[in-house]
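Here are my notes on the model you sent, set out as numbered points. Please read them with the sequence and the structure open beside you.

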Amino acid sequence: MDSGGYNESPGDKGSLTEDQERVVTMDLQELIAEIIAFRDERDWAQFHTPQNLGMALGIEAAELQQEMLWKTDAEVTELVASRSGHGQLSDEIADVLIYSLLFCDAAGVDPVSAIRKKLKKNGEKYPVEQSKGSAKKYTELG
Ligand SMILES: [Mg+2]
């Protein structure tokens, strides 16, 4: 079965090997460097305070939502499957990701370790045996 590049050894399901993890980290660092270079060519760092970037991130998330506003689940499924809809959604989630990474840079947050720490916290709040298949909030589990 195709593991999609993930190591599926028992007890370590879904985790990356050290070599794969190094490649992903390098790709992310290169991507962040591209975004920073784009910003710096335009002398936009002066506007990129954590406050402004946090607001820009929220606005871009709203633009992503706007693409789907008032549509049924079936219509959103069609949107995702269509070339133009997929392109619009890709553009908006790219904006969200760009501002997320710029926020991390401005606020001194390592996105990889921040995500790992939050996944660990989420795992403690949502133990698999209590939350599997459930949309309940952690305060309602148990
Ligand atoms: Mg946008």
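1. A word on terms comes before the details: a residue is called exposed when its relative accessible area is over 50%, buried when that area is under 20%, and partly exposed in between. By this cut-off Glu 41, with a relative accessible area of 65%, is exposed. Please keep in mind throughout that the model is predicted.

2. The metal site deserves attention early in the reading, since its ligands can be listed by name. The magnesium ion is coordinated by Glu 60, Glu 63 and Glu 92 through OE atoms and by Asp 95 through OD, at 2.1 to 2.3 Å. Along the sequence, these donor residues of the magnesium ion follow the spacing E-x2-E-x28-E-x2-D. Distant parts of the chain are linked by the pair Glu 63 and Asp 95, which lie 32 residues apart, Glu 63 in helix H2 (residues 50-66) and Asp 95 in helix H4 (residues 83-107).

3. How accessible are Glu 63 and Asp 95? Glu 63 has a relative accessibility of 29% and therefore counts as partly exposed, and Asp 95, at 26%, also counts as partly exposed.

4. Turning to charged side chains, a search of the whole structure finds four salt bridges. One of them joins Asp 40 to Arg 39, with the closest N and O atoms 2.9 Å apart. The two partners fall into separate accessibility classes, for Arg 39 counts as buried at 12% relative accessibility, whereas Asp 40 is partly exposed, with a relative accessible area of 42%.

5. Another salt bridge brings together the side chains of Glu 41 and Arg 42, at 3.2 Å from N to O. Here Glu 41 is the exposed partner already mentioned, at 65%, while Arg 42, with a relative accessible area of 35%, is partly exposed.

6. A further salt bridge is formed by Lys 120 and Glu 124, whose closest N and O atoms are 3.2 Å apart. Why are these two residues separated by about one helical turn? The reason is that Lys 120 and Glu 124 are four residues apart in helix H5 (residues 111-125). Both ends of this bridge are exposed, Lys 120 with a relative accessible area of 56% and Glu 124 with one of 54%. Elsewhere, salt bridges that share partners join Arg 39, Asp 40 and Asp 105 into one network.

How values were computed. Residues numbered from 1 in each chain as written. Predicted model: local features only at pLDDT ≥ 70, side-chain atom pairs only at ≥ 80, totals over all residues. Heavy atoms only, no water. Donors = N, O, S within 2.8 Å, 3.2 Å for Na, K, Ca; no water. Buried < 20%, exposed > 50% of the residue type's maximum accessible area, 1.4 Å probe, protein only.
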